Amino acid sequence: MLTKTVSDVTSTVESADTSDHTGSPPSIISQPASTSLVSPLNVTDISSTGFVLKDLASWPNVIPDSLRNAFIAENFSQTLNIDFRKSARIYDDGNRRCLKSSMFYRKLENSETVKRSWMVYSESSGKVYCSACKLFSTNKNAFTQGFNDWKNSKRFEEHENSTTHRNCILASVFRAQKKGLLDSHLENQTEKERTYWRKVLERVVAVVKFLALRGLAFRGENEVFGSENNGNFLGIIELLAQFDPFLANHVSRLGNAGRGTVSYMSSTICNEFIELMTKKVLKNIIAAVITAKYFTISVDSTPDISHTDQLTFIVRFVDSSGKPVERFIKLIPLSGHDGETMMNVVLDTLLEHDLSIMDCRGQSYDNASNMSGKYNGLQARIKQINPLAEYVPCSAHSLNLVGSCAAECCVAAVSFFGLLQALFNFFSASTHRWSILKSTIHGDVIKSLSTTRWSAQHDATHALKDSFAEIRSALIQIAEDEDQTATTRSEAASLASKLEDFELALLCVLWDCILERLNATNKTLQKTEIEMATCANLYAGLVEFVISLRNDEAFEMFEEKAKLLVKDYSYRADHQRSRKRKRNFEEPDNEILLLPRQKCKTATYFVILDSLITELVKRKEIYLNLNDKFGFLFKITTMPDAELREAALKLQQHLSADVQDTFVEEIVHFSGYMNQIKAPPEKCAPSAALKHLRNAGISEAFPNVDIAYRLYLTLPATNCEGERSFSVLKRVKNQLRSTMSQDKLCNLALLTIESDLTRNIDFQSIIDDFANMKSRKKFI
C-alpha cells in the first residue's frame, strides 16, 4: 500500500515535471555538459529566476525539476542558532508567541527525540515549511504555504503522521538515491556516455601530451585513419588501438565518420588540448614567480624558418625550496631591434602576465649594442625605470667573444682557422674523399667551425691534432690519385704541404690547449644553477691559466708537442731570404732582425696570449663588481664580526629597498648559528644556506638574510636558457611546419621546453577544463 502511494506521488510529480517539456525525451547528445540531472545548481543561478534556494517562501507555486534536484543535492539542514524574533505572532487574546528551537525536535513515546529535518524556517516570511511537501506535494496545506501557528504545536505531529507527508519524504529520499527520478534510466545512460567519452579523451590527452613533450608534429597530409600520411597523432592512435580493444572499437565506429559526427580525434580538438595544457603550465609558472616576488629577465632573438625574428622571454627566480630556476614564458615576433622597441616588448609581456617591473632585480642579455648599450641599450632603458635591475652580460657569450677576438688578433691565427675550415670543406664536398678520410683516421673526423658556438672550434682543432699525420696522408693519397681531377689533386697537394709546416703544428697544439679550457669553462657557465661568484672565479682562473703560458718554458713545451706532428722542425722564415728595408742617406742602421723562432714567439704566440688576457680581464670586471657586493655571503662563518658587519652594512645600503636595517644583526646571528651547528664551508654557500633556512623552518627568524640570499641567487650569470629555447624552436617550427601560427608555436614551445611541468599535468583536470570550456555535444 505504501509503495502504491509512493508511486502515486511520483506519478503526480512526473505530470508536473513534464509539463515544461516536449513529448520526446531530452537527447543526451544535444544536452550541454552543464545540464546534469542531479548536478547542484548554485545559489546565484536560482536567484536569477526570482527565488533563493534556502528560502522556501520565495519558491514558485509550480516547482521546477531543477529546483528539486538542487535542493536535494544541497542536503540542506536547518541551522537553529539564528534569531527567530521575526516569527512572532500576536493572538486575539494579546499573547505573543514565537518559533522555538525545541519545535524542530519531535519527542517520541519512549522519551527519545528526533530532529525534524523536513522543517525549514524562512527568515523572510517568519514561517516554517515542510521541504518535502513543498517539493513533491500537489496539494496545498499550511506547511506548503507557510505555518506560524505556534500556539497549536500539535499541528506538527498531525502533519508528520499524514500519508501525504510520508509519501513526499519517501519521494525525496528516492530522488536523492537516484531511484525515484523521472528519468533515472536516462541518467544511467548519461553516466555511461560520460564514462565512455572520458575514456576516449584520456587516450587523446595522453597522445597530445606525448607529442608535445617531444616537440613532434601532430598532423599529416590528411586526417584519415588507415592512411600512411595521416600524421603522428592519428598514427599513434592507430598504434594504441592495436592493443586497446576499447579504442579500436571507437576508431572503427567513428574514426572516419566525417564532419558532424563527434569523435574527439580531430586537429581542432588537439589544438584545444594544447591550449589548455599551455594555460595550466603557464599559470603554474606565473604563480611561482609571484610567490617568489623577485625575478630577473633574459631575452634573446633569432630568425625562424619563415624569416620571422622570434624573441624568447625567460624569467629566473628562486622557488619555494630555495633553488634558482629559469622558466620560459613565450616567443614574441619582433618588428624592430632598437632598444626602445625591445623595452616596450618586455614591459608589455610583464604586464600581460601580471608581473611588476619593479620586482625585477636583474637582466641578462648578450653583448650586442642594442642590448648592452650604456645609454640607449635595453639594459639602460630598463634601469631608468627600475635602478635595482642589475645588468649582467651573459658570461658564456662573453667568453665566446674572448675567443673570437684572440682568433682575429694576428694573421697566423686567422690563417690557422681558415685552414681548419678549408680541410672540412675539401673532404665534405665529396663522398669519395670523405670515405678515404674515414678509412685513414682512427679518431674523430674533422669538424666544421661555427661563428657562434666556440665548442665547435675546439672540436675541429682537437680532431686535427689527434689525426694530424692521418689527414696529411689522406691528402697525399688524393693528390697522387690520377683518377681525380686536376683541380682536386692541386687543392689536396696544397693542403698537404700546409700540414707539413711546423708553425701550423705549433698553433694547432697551442689552440687545442687553450680551447680545451675555454670549452670546459663555457659548458660550466651554461648551467642554470651557476652563481655569480663561481662565474667570477672561473674568469679569474682563466686569466691565471693564460698568464702561466706566457713564458719561454711553456713555449718550449708547445714546440716539443708540435715536433710530434711534423717531420721538419724548422720555422717558415728559415727557408726564406730575409728582407732589409731600404734606408735613406745617413739613416743609422739600427733595425733589429729577429730569428724565425723569436719572431714566431713575439709576433704570434705572445700576441694571441696577450689578446686573451686583455679580453678576459675586461670581461671579468663586471662579475667581480657584483661579486664584491655579495661575496661575503660565502664566508660568513670565517669572517671576523667587524668585517662581517661592515660588508653586511654595505650590502644593506645597496639593497635598502628590500632589506631592512636589522640585516646586519641578523647576518651576525645567522653566522653564529651556522658555527653552532658546525656547518661545513660548502653548506654556508648562499644556495645551500637558503635551502637550510627553508628546510629547518627558521626563515622567520632571519627574514632579511633569506631576502639577501634570494636576491643573490636570482641574479643570472648567463642567458643560455634562451639559446636552448632556440633549439626547440628549430625542432617545433621546421621546414615542414613553416606556416604554423604564432599562438600554436608559443604553446608547443612552452610545453616542450618546460617538459617537467608538462609531464606532471593531471589528465582528469585537463578533461574537466575541456568539458567546462564550452557546451559540448557530448556529456563529459
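What follows is a short talk on one protein chain, its sheet, two helix pairs and three buried residues.

Okay, so the usual caveats. This is a predicted model, where local features need pLDDT of at least 70 and side-chain atom pairs count only at pLDDT 80 or more, while totals for chains, interfaces and linings use all residues. Residues are numbered from 1 along each chain as its sequence is written, and side-chain values use heavy atoms, with hydrogens and water left out.

The overall picture, then. We've got 32 helices and 11 strands in the protein chain. Those are DSSP runs numbered from the N terminus, with helices being H or I of at least four residues and strands being E of at least two. Of the 780 residues, 48% are buried; buried means under 20% relative accessible area, exposed is over 50%, and partly exposed is in between, with a 1.4 Å probe and protein chains only. Now take the contacts with a separation of 6 or more: 69% of them are between residues 24 or more positions apart. Contact here is heavy atoms within 4.5 Å.

Let's go to the sheet. It's an open one with 5 strands, in the order β9-β8-β7-β10-β11, and the pairing is mixed. Strands count as paired if DSSP finds at least two bridges between them. Which strands stand at the edges? That's β9, 324–333, and β11, 390–391; each has a single partner strand, so one side of each is left without a neighbour in the sheet.

You might expect an edge strand to be out in the open, but have a look at β9. There, 9 of the 10 residues are buried, so β9 is largely enclosed by the rest of the structure. Its partner β8, residues 309–318, runs antiparallel to β9 and is joined to it by 9 bridges. If you want a landmark, Phe-313 sits opposite Lys-330 in β9. The β8 and β9 hairpin has 5 residues between the strands, and Gly-322 in that hairpin takes a positive phi near 95 degrees.

Over at the other edge, β10 (residues 360–364) and β11 run parallel, with 2 bridges joining them. Here Gln-363 is opposite Tyr-391 in β11. Packed on the sheet is helix α14, residues 378–385, which touches β7 (295–303), β10 and β11, and its direction makes about 175 degrees with that of β10. On angles: axes are lines fitted to C-alpha atoms, for helices over the stretch in contact, and angles run from 0 to 180 degrees between N-to-C directions.

Stay in β10 for a second, because that's where Arg-361 is, and at 8% relative accessibility Arg-361 counts as buried. What does Arg-361 touch, not counting residues up to four places away in sequence? Among them are Phe-295, Glu-390, Asp-658 and Leu-715.

Two of those names come up again with Leu-626, which is in helix α24, residues 596–630. Leu-626 is buried too, at 4% relative accessible area. Leaving aside neighbours within four places in sequence, Leu-626 is in contact with Glu-390, Tyr-391, Val-392 and Met-532. As for Leu-715, its C-alpha is separated from that of Leu-626 by 9.5 Å, with the two positions 89 residues apart along the chain.

Now the helix pairs. First up, α19 (residues 468–479) and α20 (residues 486–498): the axes come within 8 Å and cross at roughly 150 degrees. That makes α19 and α20 roughly antiparallel, where under 35 degrees is roughly parallel, over 145 roughly antiparallel, 65 to 115 roughly perpendicular and the rest oblique. The residues that meet include Leu-475 and Ile-476 in α19, and Ala-492 and Leu-495 in α20. By class, that contact has 8 nonpolar, 1 polar and 2 charged residues.

The other pair is α29 (residues 720–732) and α30 (residues 742–753), packing at about 120 degrees with axes 10 Å apart. So α29 and α30 are oblique. Among the residues making the contact are Val-728 and Leu-729 of α29, plus Leu-745 and Leu-748 of α30.

Last residue: Glu-559, in helix α23, residues 552–563. Is Glu-559 buried or exposed? Buried, with a relative accessible area of 9%. Beyond residues up to four places away in sequence, Glu-559 touches Phe-502, Leu-506, Tyr-571 and Arg-597.

Terms used:
Nonpolar A, V, L, I, M, F, W, Y, C, P; charged D, E, K, R; others polar.
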